[in-house]
Amino acid sequence: MLACDTNGKFTATLKSAGKYVATIQSVGMAPATRTFTLKEGQKELNLGKIYMAEVSEHLKEVTVTAQKPLVKAEIDKITYNLEEDLEALTNNALEMLRKVPMVTVDGEDKIQLKGSDNFKVYVNGKPSNLMTNNPSEVLKSMPANTIKNIEVITDPGAKYDAEGVGGIINIITKSALQGYTGTVSASATDKGGVGGGAYVSLKVGKFGLTGNYNYNYDRNPYTDSESYREDLNRDDMKYLSQTGRSKNTYNMQYGYLEGSYEIDTLNLLSVSGNLFSGKPKSKSEWHEWMRDAAMADVYEFKRLTRSENTFGGGEFNMDYQHSTSLKDELLTVSYKFNYSPDNSMYTTELEELLSSPLYTPRGNEWKKNTASTKEHTGQVDYTRPLPKGQNVEAGVKYILRQSQSETEAKMNDIPYTEPNSNFKHTQHIYSAYASYSLKWKKFGFKAGVRAEGTHLDVKSDNSFDKDFFNLVPSANLSYQLGGSQTLRLTYNMRIQRPGIWYLNPYVDQADPLNVSSGNPDLDAEKNHNVSLNYSMFTQKFNLNASVNYSFVNNGIEQYIYREVTPEGEETNVLHRTYGNIAKNHQVRFYLYGSWNPVSQFRIYMNGGVDYRDLSSQNYGSNSGWTGRVFAGAQYSLPHDFRINLNGGYFSKRISLQGEYSSMFFTGITLNKDFLKKKLTVSVSARDPFWKHKEMTSYTRDANFYQESVNHWIGRSFYFRVSYRFGEMKGGIKKVRRGISNDDVKSGGNEGGSAGEGQQ
């Protein structure tokens with residue numbers, strides 16, 4: 001057997017004269033045969049050109065099936081691959097977040113990372129004001145099929161702001177490819193909620209564009225609540241009972257647009273912006289009744305409250321990225337502008353049923369608060385790979401953050417002015433960082449330090465300014481136990497400035513016996529974290545386990561105190577606010593697992609347990625265990641049907657002065673694909689076996705005990721339809737670095753505890 005050269009020629013040496021047959025074969029050609037005779041004494045014979053006929057043969061279809069791992073571990077993060085999860089075709093981003101390691105979402109759609117509310121949600125490596133105040137609602141509006149990966153950065157390194165976050169949930173959206181693709185969707189609930197949205201991604205030459213728009217309207221019928229309070233130090237006004245009901249409507253819309261232009265192979269320009277707005281409205285009716293120690297009536301009245309909140313904002317980002325001939329060497333220059341309004345208004349009308357000289361209701365009240373934050377950020381980042389698996393990063397950053405709050409109020413139609421009605425809060429933040437990483441054999445190492453300074457200027461009735469400076473270290477060490485197993489040990493220190501929700505001195509008196517406000521004197525809290533993490537990710541089985549210890553000595557915690565008159569006499573009004581009052585020591589254990597025995601079936605579990613020890617010099621102490629678990633199974637049926645079953649349980653949660661009761665939730669979803677999987681119809685039910693559910697909270701100190709029970713609708717049904725169109729052929733480049741302002745401790749729904757237990 002011989003092989004020809006690159007020109008199709010071959011030469012053979014024959015040992016003797018005689019008759020021979022030569023057979024020539026080539027891929028895609030019919031074999032050719034040439035018979036020849038070599039005479040005695042003949043030294044050379046040329047067969048000339050041999051022509052072959054082209055032939056084609058139809059082969060049976062061959063299908064190669066392979067599945068990428070759902071989860072991947074790296075030195076400082078864990079990545080969940082939504083492109084490999086069939087549920088991402090029909091679910092929203094919040095539902096998919098329930099499956100991500102170390103992330104839990106409870107029955108009220110409140111998100112926790114490693115059992116904590118202290119985290120940020122990024123989109124494509126950048127924080128977004130979309131996610132600042134109400135990440136759950138935004139993620140419910142985001143189709144999961146527009147997302148490529150969800151990254152969990154549990155131990156942020158030096159390149160992230162020194163302040164504030166115990167972790168980052170980074171949502172990586174799909175890049176545009178040559179051509180275009182899009183999705184349109186619509187949804188509805190049995191309670192009258194509706195929603196719809198559109199997503200489109202396209203690339204033409206060096207220009208790429210991605211856009212997204214979603215609208216959601218939701219409404220909840222009247223649900224009941226009750227509250228009981230006992231004064232432990234007085235007998236004249238000892239027992240307060242509050243019973244009532246409330247209903248609310250909610251609408252939100254947001255749009256996102258990003259353009260990217262490849263100037264040449266080494267230079268890339270990216271511009272993006274988003275706008276969003278939300279307007280929840282609520283109406284409540286309350287009956288309030290005070291009795292003395294002998295259970296005799298003291299006073300009684302009815303209260304009707306209407307409230308309206310308007311929040312939203314706009315964001316603009318511009319990033320320029322320059323790369324070099326050295327792979328992964330990057331210089332990025334970024335600018336970001338962010339504007340976030342957060343306004344509220346309420347009216348309270350009282351009907352007095354029984355009066356008393358011991359207490360005079362405030363009367364009919366109207367109050368409006370206008371608050372907002374403007375933020376300008378400039379940043380320069382540089383990263384360079386070094387020989388033998390080494391890498392260095394460095395950068396500088398400046399933030400100008402300006403927050404303001406103005407309050408207008410009327411009592412019985414007469415205007416009045418409260419303390420700190422005009423409040424301005426300005427921060428100048430300047431920072432620089434450097435980090436070094438190394439991969440050597442089975443070891444990985446990453447360490448860095450960040451220097452960060454802040455000048456704080458507060459203008460109100462009590463104006464003041466402050467300066468801070470911190471050096472914040474971080475270090476990660478990893479070891480590859482095997483091809484799919486990794487062990488990681490990490491340490492970092494984080495500081496966290498309070499956001500305007502915590503700082504705003506505006507006093508919410510919608511319930512005149514339970515008022516709330518922020519505290520403009522708050523200082524940044526410091527948090528130290530040590531974690532040990534083990535992960536094993538294979539094609540069929542995924543496991544991630546983590547143990548974490550953290551402590552804070554000046555933690556920002558919510559607390560309640562009894563208001564006093566200017567003469568020093570105690571009132572029966574409880575005031576809820578925040579302070580740097582707590583020492584918080586916490587040990588946490590987390591576990592994630594999934595098993596995929598066959599391609600059609602998968603089961604998964606995500607949860608953890610932690611022990612928390614809270615103490616304060618003036619407001620007591622509390623400690624205890626908290627646990628949470630979320631589990632489910634999904635199965636792909638014949639004829640493009642898919643079914644998913646899931647459920648979760650959250651044990652009681654503690655606060656400095658009390659605790660919140662446990663909760664559970666279940667869900668079932670059925671999907672069907674049509675038109676070659678371009679059209680998907682989804683029907684789902686949440687808590688189908690419970691029509692109503694309730695949450696109980698307790699608050700206590702040396703002066704009082706309070707218990708609140710909130711009821712809400714349990715059983716609900718959802719319908720969603722989506723259609724995907726277009727074709728994609730090649731990829732759009734995105735800037736790899738960008739601005740990440742992750743330093744603000746935010747309140748509202750993100751915090752999960754802000755306002756809980758209020759009427």
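Are D673 and R642 buried or exposed? D673 is buried, and R642 is buried as well. That pair is a good way into this predicted model, a protein of 759 residues with 50% of them buried. Its secondary structure runs to 40 strands and just three helices, so expect plenty of strand pairing below.

**Overall picture**

- The accessible surface adds up to about 35,800 Å², and carbon and sulfur atoms account for 56% of that.
- If you take contacts between residues at least 6 apart in sequence, 67% of them join residues at least 24 apart.

**Salt bridges**

- Side chains of opposite charge can pair when their charged atoms come close.
- Searching the whole structure turns up 23 salt bridges.
- Back to the opening pair: D673 and R642 meet through their side chains in a salt bridge, at 2.6 Å from N to O. D673 sits in strand β35 (residues 663-674) and R642 in strand β32 (residues 641-650), so this one links distant parts of the chain, 31 residues apart.
- Another network to look at brings in D85, K99 and R602, which are joined by salt bridges that share partners.
- E315 and K336 form a salt bridge too, with 3.2 Å between N and O. Because E315 belongs to strand β17 (residues 297-323) and K336 to strand β18 (residues 330-354), the pair ties together parts that are 21 residues apart in sequence. Both E315 and K336 are buried.
- Then there is E418 with K367, whose side chains meet in a salt bridge of 2.6 Å, N to O. E418 is in the loop between β21 (414-416) and β22 (422-440), while K367 is in strand β19 (residues 365-386); the two are 51 residues apart, and the pair links distant parts of the chain. E418 and K367 are both buried.

**Nonpolar cores**

- The largest nonpolar core takes in 34 residues, and the ones with the most contacts inside it are L82, L97, V103, I111 and I169.
- Several elements give two or more residues to this core: the helices α1 (93-97) and α2 (135-141), plus β4 (78-81), β5 (103-105), β6 (111-113), β9 (147-153), β10 (168-173) and β14 (239-264).
- Helix α1 gives the largest share of this core, four residues.
- Want a single residue to click on? Try I169: setting aside neighbours within four places in sequence, I169 is in contact with L97, V103, I111, L113, F119, K120, V121, Y122, I150 and E151.
- Apart from the largest core lies another one, of eleven residues, including L240, Y299, Y359 and V573.

**Strand β14 and its partners**

- Strand β13 (residues 207-231) runs antiparallel to β14, and 22 bridges join the two. One place to see this is R219, whose bridge partner in β14 is T249.
- β14 also pairs with strand β15 (residues 267-278), in the antiparallel sense and over twelve bridges. G255, for instance, has L275 in β15 as its bridge partner.
- The connection from β14 to β15 is a hairpin through two residues.
- Strand β16 (residues 281-291) is another antiparallel partner of β14, with eleven bridges between them. Here K247 has K283 in β16 as its bridge partner.
- β14 turns up in the core story too, as one of the elements that give two or more residues to the largest nonpolar core.

Methods:
Residues are numbered from 1 along each chain as its sequence is written. This is a predicted model: local features need pLDDT of at least 70, side-chain atom pairs count only at pLDDT 80 or more; totals for chains, interfaces and linings use all residues. Side-chain values use heavy atoms; hydrogens and water are left out. A salt bridge is a side-chain nitrogen of Lys or Arg within 4 Å of a carboxyl oxygen of Asp or Glu. Buried means under 20% relative accessible area, exposed over 50%, partly exposed in between (1.4 Å probe, protein chains only). A nonpolar core is a set of buried Ala, Val, Leu, Ile, Met, Phe, Trp, Tyr and Cys residues joined through side-chain atoms within 4.5 Å. Contact means heavy atoms within 4.5 Å. Two strands pair if DSSP finds at least two bridges between them. Accessible areas come from the Shrake-Rupley method with a 1.4 Å probe; for residues, only the protein chains shown count as cover.
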